Amino acid sequence: MCGIVGILASRPVADILVDGLRRLEYRGYDSAGIATLVNGTIQTRRAVGKLNALAEKLAHEPLVGTVGIGHTRWATHGRPSVDNAHPHFSTQVAVVHNGIVENYHSLRVELEDKGHVFKSETDTESIAHLITDYLQQGLTPQAATAAALKRLEGAFALAIIFTGHEDLLIGARRGSPLAVGYGENEMYLGSDALALAPLTNRISYLEEGDWVELTPGKAVVHDEDGHIVERKIHQTNLSGAVIGKGEYRHFMLKEIFEQPVVIGDTMNALITAENKLSMPPMPFDWKEIPRLSIVACGTACYAGMVAKYWFEQLAGLPVDVDVASEFRYRESPMVKGGAMVVISQSGETADTLAALNYAKKHGQKILSVVNVQHSTIARQSDCVVPTLCGPEISVASTKAFTTQLTVLLCMALHAGVARSHISEAKASEILQALREIPAKINEVLREDHKIQELSQNLADAKDVLYLGRGLLFPLALEGALKLKEISYIHAEGYPAGELKHGPIALIDESMPVVVLAPHDALFEKTASNIQEVVARGGKVVMFTDKVGLANMPTKPFWVSVLPETHPVVMPILYSVPVQLLAYYTALAKGTDVDQPRNLAKSVTVE
Ligand code: F6R
């Protein structure tokens with residue numbers, strides 16, 4: 001949430017700052033702005049709306065300067081407006097910020113009493129004035145920053161420039177991620193390595209409480225206690241090329257269509273040609289784990305819910321799945337010798353990270369499933385099993401989810417064999433079914449026009465209910481989330497068996513009910529639920545396979561027939577039609593599919 005960049009160079013930086021922000025726009029798109037030093041004085045350009053509005057402004061009112069900072073905003077304090085857009089500044093300091101300063105109000109009152117004049121409603125502006133106050137007391141920019149950081153409560157990643165200091169850029173991190181990039185006599189700051197990819201592949205990451213002083217060609221990192229520390233420089237393999245949509249209308253559609261390839265890449269890193277698992281060494285012995293906790297947020301948490309079924313059925317391992325924002329404050333007792341699986345595409349989700357830290361503090365080993373290499377969650381885990389789906393740009397997660405499922409299934413099989421709950425032969429049979437998933441997804445994708453036709457039935461709905469049982473129940477939740485996020489239609493996911501315990505009261509002709517009902521062990525029960533909906537005038541959109549359709553006593557209103565597959569891997573296959581259904585419904589409604597209102601990717605504030 002909110003993307004920040006900073007550049008210290010000997011060439012004009014305005015355009016490079018905007019290019020960096022373009023790569024961070026997925027983090028927020030309410031407003032954007034940059035500040036540079038022009039003849040030693042702070043100059044800003046800020047605009048409401050997407051980054052293009054800022055780029056247009058800069059085309060008419062260019063900004064020179066060889067040191068600068070930039071920001072793309074997801075509003076927390078203060079509505080999107082030019083005054084609330086970052087950078088926030090005084091005559092001496094300009095700041096961009098990702099995070100929330102929790103004590104901003106008391107700081108503001110204190111600083112206003114001293115004569116500082118605030119121009120915005122944001123929490124961030126208090127940082128600019130606080131540093132200014134210390135400068136006015138005679139402190140150097142470095143000392144003023146260090147003093148101000150001590151007074152801030154909450155979470156932040158900051159990039160700061162100072163009037164009259166063209167060869168200085170300061171960054172700081174507590175709670176929100178910040179990467180430092182090393183160029184040829186140029187230095188950079190960015191919310192992630194992707195923002196800096198066209199500039200450098202040499203990246204280090206600030207640790208909790210660090211702040212960094214960048215001067216031409218040099219970075220000096222100070223830790224929370226003021227000691228100068230070294231932070232490892234990593235070589236990233238991110239491409240500097242702009243990530244485009246190719247032939248697709250939206251990133252979301254492109255990412256849905258990439259799934260056969262990225263699921264293949266992810267499984268090929270974990271399965272040998274002979275269908276044997278080759279997992280990285282685990283930080284524990286699966287046999288000794290009494291209980292597994294899984295935490296994540298949103299879509300990643302639904303992947304965790306599917307994994308619960310897998311770990312329990314395939315490995316006989318009891319599992320608790322929690323939404324990270326609840327888990328982190330619940331003071332859950334942790335079992336001795338237990339382990340936690342943390343799932344996150346970005347590797348930076350604030351609540352997930354806090355849950356990880358709680359579990360670590362309580363003696364749990366941390367195994368994470370993360371997409372962004374070197375992200376904070378990846379760095380803080382005992383073992384990372386990566387999803388190899390490449391950068392996910394669409395705010396609504398698709399390929400990250402199916403690659404998370406791929407990794408989690410491999411993990412559950414690994415645990416199952418290690419715990420002698422299933423035989424190697426059984427594991428190989430399931431791995432073979434997993435191997436066939438990319439081809440089956442391709443079959444679904446080839447017929448996406450049929451799902452587009454189905455979506456016409458949802459576009460006018462005000463509410464939609466999604467039902468599924470067993471492994472397909474979390475998919476009902478995921479389908480409803482996808483629809484809400486990008487089409488703004490209210491949707492709810494329910495276990496089909498819960499229908500009679502309340503939601504059936506909602507059924508009428510105006511509310512489509514999407515039912516995920518492959519012909520599995522629970523099919524007959526779900527088929528009965530479909531009859532109950534139909535009997536009350538409800539309109540069912542059924543996703544099933546050939547056998548499922550043949551076994552329906554009365555055919556539902558709308559049906560989509562998917563390829564048959566092994567019941568264990570069904571959630572991976574059934575992810576794709578629910579993604580397409582949400583996508584095409586949003587398309588029919590004309591919403592902003594890749595950047596839905598009010599949302600942002602990488603939720604780095606709680
Ligand atoms: C939904 C979506 C979110 C994320 C959630 C966790 O489409 O993208 O629900 O899944 O914010 O994000 P990560 O996986 O980055 O921790």
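Here is a short chat about how a few labels for this predicted model are earned.

Me: Which ground rules apply to this model?
Reply: It is a predicted model, where local features need pLDDT of at least 70, side-chain atom pairs count only at pLDDT 80 or more, and totals for chains, interfaces and linings use all residues. Residues are numbered from 1 along each chain as its sequence is written, and side-chain values use heavy atoms, with hydrogens and water left out.

Me: What makes a residue part of the group that surrounds the ligand?
Reply: One of its heavy atoms must lie within 4 Å of the ligand. By that rule 14 residues surround the ligand, and Ser344, Gln345, Ser346, Thr349 and Glu485 are the closest.

Me: How do you know that threonine 349 makes a polar contact with the ligand?
Reply: A polar contact is a pair of N or O atoms within 3.5 Å (within protein, one must be able to donate a hydrogen and the other to accept it, and residues adjacent in sequence count only if both atoms are side-chain atoms). A polar side-chain atom of threonine 349 is 2.4 Å from an oxygen atom of the ligand, so the pair falls within the cut-off. Backbone atoms join in too: a polar one of glutamine 345 lies 2.6 Å from a ligand oxygen, and an N or O of serine 397 lies 2.9 Å from a ligand oxygen.

Me: Why is the ligand said to lie between two domains?
Reply: Both domain 2 (251-445) and domain 3 (447-595) give residues to the shell around the ligand, so the ligand lies between them. Those bounds come from an automatic or database domain assignment.

Me: Why is tyrosine 488 called partly exposed?
Reply: Buried means under 20% relative accessible area, exposed over 50%, and partly exposed in between (1.4 Å probe, protein chains only). Tyrosine 488 has 26% relative accessibility, so it counts as partly exposed. Its phi is near 65°, a positive value in a residue other than glycine.

Me: And what makes asparagine 598 exposed?
Reply: Asparagine 598 has 61% relative accessibility, so it counts as exposed. Asparagine 598 also has a positive phi of about 65°, although it is not a glycine.

Me: What makes a set of residues a nonpolar core?
Reply: Its members are buried Ala, Val, Leu, Ile, Met, Phe, Trp, Tyr and Cys residues joined through side-chain atoms within 4.5 Å. The largest such core has 94 residues, of which Trp286, Trp310, Phe311, Tyr466 and Phe543 touch the most other members. This core draws at least three residues from each of domain 2 (251-445) and domain 3 (447-595).
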